[in-house]
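Q: I am new to this structure and would like a close look at a single part of it. Could you begin with one residue, explain how its place is described, and then set it beside other residues and the whole?

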Amino acid sequence: MRLPETVVTATRTERELFETPQSVNVITHQEVIDSNAATTPDVLIGQAGILIQKSNTGGGSPFIRGLTGKQVLILVDGVRVNNSYFRFGPHQYLNTIDPNFIERIEVVRGPSSVLYGSDALGGVVNVITKRPRPSDGGGSFDTLLALRGATADESSGGRVQVEYHGDKLGVIGGISLKRFGNLEGGGDVGEQIPTAYDEADGDFKLGYRLSRNQELVFAQQYTRQYDVPKTNEIVLGSRLKFDYEPQIRALTYLEYHAANLANPLFDDAKLNLSYNRLEEGEEIIERATPNIETRELTAVKTPGFLSQFSQQLGESQRLTYGFDYYYDRFDTSKTRLNLAAGSATPIVPGTPDGASYESLGVYVQDEIKLGSRAEVIPGVRYAHFEAKGAIQDRQLGLSDSKTTGSLLGLYRLTQNLNLVGGLSQGYRAPNMEDFFGRVDFVSEIPNTELQPETSLNREVGLKYFSESTFADIHYFYSTYRDLITRAIIAPNVRQRQNLRRATIQGIETSIAHAFGGGWSARAAAAYTRGEDDDTDNPLQRIPPLNGSARLRYAPNANLWAELYSLFARKQDRLSPEDLTDPRIPAGGTPGYATINFSVGYRPAA
């Protein structure tokens, strides 16, 4: 166990986890490897304050502080994965990141809109990929061949990776292939159909050292998933078929970063130019019309630019500032196929072809030391966003702005104990899915007056650190305003409106301890309670009390064994929406507790 860990995502600058005033998870490279996870959502299972929900094996949506979907921001190397097509509720996009290329994952729990903009209401998941390191000792190569198999779903996969280290140049690249079969349930559950799909991944990253403190990084990532079934729509819904085909995520970026510059405006700088493409197809056959298949294809192409600058102002102050810009462009189509007649008829897609969505943000954060014991971190962001698109003869558009602030603090009670907390605002601008997701002008009509969803989080916590132990506990109380929901405005006619006010509060705690002699243990638990302030009903999709406990033995760097348990209480405190959700059985979601054992061995350290 390596303590203390360093975290970057929480403040955009390197800080020790113990000295960071937010609730943060750090999943190290070794933990990623030891998890032996076939998918990235599986890497996060059992982490403090994070619950992974799966409606299908090709999914895996993180719940953080009662929120998920487009209310949680996903980043890859600091670049947004979220775009304006992300839908409300659990989704599959975290699963489009190949775990074989992950260096570490950092999760900030709680609003982070000041630093990262829209969607960071529940938190931020930043997946940091492997990075080639130039070597001062001349050129050398490393190669990796990894194979993986599992009996529960008869899955198999492998990765080939090559890495080069030169005097100024470092390169790493690899290809992963995966095949998932239908998952076999325990007991009398039997084979769960359909859950099988295939996947191919490719990645490449080049680092070139311009000077001792300046570097260029060029990266490409590509994931292609084939015929991914949305299992719940078939088993519990009215569909004979619901496949995501294709499911593609492709990211390219060029990044410049420099450190310790002799510049009056900044010491450190990072500039990132990116191009992200998310392509998602839906192939659907209803049980009532087995000869009719609808195929809808939505491609979102997103060029982006972000900058970040930091300046040390004396010994007690560090200023971080920058801006980011993203522009989504939609290419969409939808076709109705008559399978019996072999004919195809174009129909209006859910999101208009040629629609666009752009967002611009400017932020500043100041880390201020107040003597030897206290530190405060104020921050503010100004954001502007615009949406344009047309369905039939209706032109829809939105232009709005939002200012968000935060004030975080840390007080050193003792050498080993820190009091942390603060106030932080979050927001989520209405996106294209809010405007156009199911709009057909008959059963649902558009609303161009939607405003951002906003939140105010109050938080207090304690962090303890010693040579062998790290522990923390956090209490949060968050109020939400203008949450977007579907309102009935006429019989059988709905419209999305800013209606809901809500409160979510909870407690999160974790502990990790090294006993010596290769033995260590850690545990985590989280409790969340959500209320609809307008109706006094429970809030939708609030997870139950859940957690994990692990005991690990690693006598050397080559061998380890771990006994662990995952658990959750029954959730029978349900909202009216939960009561009509076919995925939730009568009486609520059953509780569970599992006992698991894993062992690992490396032939070479």
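**A close look at arginine 12**

A: Arginine 12 is buried, with a relative accessible area of 11%. The model is a predicted one, and what follows describes that model. The word "buried" rests on a cut-off: a residue counts as buried when its relative accessible area is under 20%, and arginine 12, at 11%, therefore falls on the buried side of it. Along the chain, arginine 12 sits in the loop that runs between strand β1 (6–7) and strand β2 (15–16). Its backbone also deserves attention, for the phi angle of arginine 12 is positive, at about 70°, although the residue is not a glycine.

Aspartate 77 can be read alongside it. Here too phi is positive in a residue other than glycine, with a value near 55°. Aspartate 77 belongs to the loop between β6 (72–76) and β7 (79–80), and with a relative accessibility of 13% it counts as buried.

The backbone has further details of another kind, in its peptide bonds. Isoleucine 193 and proline 194 are joined by a cis peptide bond, with omega at about 0°, and proline 194 is placed in the loop between β14 (190–192) and β15 (197–211). A cis peptide bond, again with omega at about 0°, links glutamate 245 to proline 246; proline 246, however, is part of strand β18, which covers residues 239–258.

To see how a strand residue is set among its surroundings, one can turn to proline 62, which belongs to strand β5 (residues 61–64). Proline 62 is buried, with a relative accessible area of 3%. Once residues up to four places away in sequence are left out, proline 62 touches Ile50, Leu51, Ile52, Leu67, Thr68, Val72, Leu94 and Val125. Glycine 174, by contrast, lies 112 residues from proline 62 in sequence, and their C-alpha atoms are 27 Å apart.

Val125, one of the residues touched by proline 62, leads on to the interior. The largest nonpolar core has 45 residues, and within it Leu44, Ile105, Val125 and Met432 touch the most other members. In soluble globular proteins, nonpolar side chains tend to be buried together. Isoleucine 105 gives a view of that core from one of its members: beyond its neighbours within four places in sequence, it is in contact with Asn25, Val26, Ile27, Thr40, Val43, Leu44, Val125, Asn126 and Val127.

Met432, another of those core residues, is also where helix α5 (residues 432–436) begins, and phenylalanine 436 lies in that helix. With a relative accessible area of 2%, phenylalanine 436 is buried. Its contacts, apart from neighbours within four places in sequence, are Gly350, Thr351, Pro352, Gly389, Ile391 and Leu396. Glycine 181 is 255 residues from phenylalanine 436 along the sequence, and 34 Å separates their C-alpha atoms.

Glycine 426 offers a further buried example, at 3% relative accessible area, and is found in strand β26 (residues 417–428). Leaving out neighbours within four places in sequence, glycine 426 is in contact with Pro111, Ser113, Leu121, Thr404, Glu453, Thr454 and Ser455. Alanine 525, in strand β30 (residues 519–532), counts as partly exposed at 24% relative accessibility. The contacts of alanine 525, on the footing of leaving aside neighbours within four places, are Ile507, Glu508, Thr509, Asn546 and Gly547. Isoleucine 473 is 52 residues from alanine 525 in sequence, with 9.6 Å between the two C-alpha atoms.

These residues can now be set within the whole. The secondary structure of the protein amounts to six helices and 33 strands. Its radius of gyration, 24 Å, is close to the 25 Å that the globule rule gives for 605 residues, so the protein is as compact as a globular protein of that length. Taken along the principal axes, its C-alpha atoms fill a box of roughly 70 × 50 × 50 Å. Of the 605 residues, 53% are buried, arginine 12 being one that counts as such. Among contacts with a separation of 6 or more, 64% are between residues 24 or more positions apart. The protein exposes about 26,300 Å², of which carbon and sulfur atoms supply 56%. Finally, there are 62 positive and 73 negative side chains, and the centres of the two sets are 1 Å apart.

Terms used:
Residues are numbered from 1 along each chain as its sequence is written. This is a predicted model: local features need pLDDT of at least 70, side-chain atom pairs count only at pLDDT 80 or more; totals for chains, interfaces and linings use all residues. Side-chain values use heavy atoms; hydrogens and water are left out. Helices (H or I, at least four residues) and strands (E, at least two) are DSSP runs, numbered from the N terminus. The radius of gyration is taken over C-alpha atoms; the globule rule is 2.2 Å times the number of residues to the power 0.38. Buried means under 20% relative accessible area, exposed over 50%, partly exposed in between (1.4 Å probe, protein chains only). Contact means heavy atoms within 4.5 Å. Accessible areas come from the Shrake-Rupley method with a 1.4 Å probe; for residues, only the protein chains shown count as cover. Lys and Arg count as positive and Asp and Glu as negative; His and the chain ends are not counted. The place of a charge is taken as NZ of Lys, CZ of Arg, CG of Asp or CD of Glu. A nonpolar core is a set of buried Ala, Val, Leu, Ile, Met, Phe, Trp, Tyr and Cys residues joined through side-chain atoms within 4.5 Å.
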